[in-house]
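Me: Please give me a close look at one part of this model, the metal site. Set it in the context of the whole chain, too.

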Amino acid sequence: MITRIQGLHHITSLASDARTNNAFFTKVLGLRRVKKTVNFDAPDVYHLYYGDETGTPGSVLTYFPFPQMPKGRAGTGEVGTTVFAVPEGALGYWKERLATFNAGEIVQDTRFGEARLCFQGPDGEGFALVEAKGDTRTGWTDGGVPADAAIRGFHSASLRVRDGSAMGELLRFMGYDMQETAGNVARFTLPQGSAATVLDVETLPETAQAKQGTGSVHHIAFAVENRAAQLEVREALTGAGYKVTPVIDRDYFRAIYFRTPGGVLFEVATNEPGFERDEDRAHLGEALKLPAQHSHLRAELEQSLPPIVD
Ligand code: ZN
């Protein structure tokens, strides 16, 4: 069994319009844009990172805005809902704020004893806010949301699969325990984790496979402390029969990827070196940062990418 995973690291999704995306996550949700770079595998599109002040693992939501991409179709084999933790008592504030900004249909309910507010992102993607007890992380408050309501990072994510038992087996191998079930949802938690340690597995045996497009989550990444821990995890996964990519340098972390039996793309990412690697804390996310392999494209990309200035 793997013991080195600490919780979620980041969640990466697909968007249609970079500026709409940036405005929603920075101005409506009040997250900080901690990096403005390009998709390393398709440098003609942005890779935008949002999170807390420094982009702490477990707080980082990232987007690839592809202007020409068709809309995704929800289904199985993907992340369903991305859930953020907010302070206790904050849902009233958020209900009003989200309604003001037209964040789709807003539904308040309770899941596993926690009050939850569900809403949609600009491309229809599923989000929720949960009043999380005992979460001591600090939210970003320069984005217009006060400290007593600011998003602290991820609370959890839901994984939609046709076969919940196969996903459960993988999560147990990754160090998660099944906590409780409610209907077709099983809640898993990571006892040794540090933040964003909850995953809900939704079993939907009759639901078709998702079709990826804008509004879809592309992959979900789990945090490990460093490269040594990542290599341990890679070896364990490979030993268990998973086809895992070689270690890939993403400049702000090292990444390995593997496809789960139900089709969800998992990544394991290192906490090091982080987003302060090439920008001061005070100016994170301001300048267009390019990885060395694409730095020769700067003049071209500064012309072709839509400007995002705040
Ligand atoms: Zn990733």
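Reply: Starting with how far apart in sequence the touching partners are: take the contacts (heavy atoms within 4.5 Å) between residues at least 6 apart in sequence, and 67% of them join residues at least 24 apart. Keep in mind that the model is predicted, with pLDDT of at least 70 needed for local features and 80 or more for side-chain atom pairs, while totals for chains, interfaces and linings use all residues. Numbering runs from 1 along each chain as its sequence is written, and side-chain values use heavy atoms, with hydrogens and water left out.

On to the metal. The zinc ion has three protein donors (N, O or S atoms within 2.8 Å of the metal, or 3.2 Å for Na, K and Ca; water isn't among the atoms, so sites may look incomplete): NE2 of His10, NE2 of His219 and OE of Glu267. They lie 1.9 to 2.0 Å from the ion. Written as a sequence pattern, the spacing of these donor residues is H-x208-H-x47-E. His219 sits in strand S13 (residues 217–224) and Glu267 in strand S16 (residues 265–273), so this pair ties together parts of the chain that are 48 residues apart in sequence. Strands here are DSSP E runs of at least two residues and helices are H or I runs of at least four, both numbered from the N terminus.

Are those two donors buried or exposed? Buried, which means under 20% relative accessible area (exposed is over 50%, partly exposed is in between; 1.4 Å probe, protein chains only). His219 comes in at 6%, and Glu267 is at 0%.

Follow S16 along from Glu267 and there's something else for a chemist to check. Pro273 is in that strand too, and the peptide bond joining Glu272 to Pro273 is cis, with omega at about -5°. In general, most peptide bonds are trans, and most residues other than glycine have a negative phi.

Two backbone spots are worth a look on the phi side. Ala196 has a positive phi, near 50°, without being a glycine. Ala196 belongs to the loop between strand S11 (185–189) and strand S12 (198–203), and at 5% relative accessibility it counts as buried. The other spot is Asp251, also not a glycine, with phi positive at about 70°. Asp251 is in the loop between strand S14 (248–249) and strand S15 (253–259), and it is buried as well, with a relative accessible area of 11%.

On the other side of S14, the loop between helix H4 (227–239) and that strand holds Val244, which is buried at 13%. Leaving out residues up to four places away in sequence, Val244 touches Arg234, Leu237, Thr238, Ile256, Tyr257 and Phe258. As for a residue much further along the chain, Pro43 is 201 residues from Val244, and their C-alpha atoms are 24 Å apart.

Compare that with Glu131, found in strand S8 (residues 126–131) and buried at 18% relative accessibility. Beyond its neighbours within four places, Glu131 is in contact with Val86, Pro87, Glu88, Gly89, Ala90, Leu91, Glu114 and Ala115. Phe84 is 47 residues from Glu131 along the chain, with 8.7 Å between their C-alpha atoms. After S8, the loop that leads to strand S9 (153–161) contains Pro146. Pro146 is partly exposed, at 36%, and outside four places in sequence it touches Tyr93 and Thr141. The C-alpha atoms of Pro146 and Tyr93 are 9.8 Å apart, though 53 residues separate the two along the chain.

Now zoom out to the whole chain. Its secondary structure adds up to five helices and 16 strands. The radius of gyration is 18 Å, close to the 19 Å from the globule rule for 310 residues, so the chain is as compact as a globular protein of that length. (That radius is over C-alpha atoms, and the rule is 2.2 Å times the number of residues to the power 0.38.) The C-alpha trace spans about 50 × 45 × 35 Å along its principal axes, and 56% of the 310 residues are buried. The donors His219 and Glu267 belong to that buried group.
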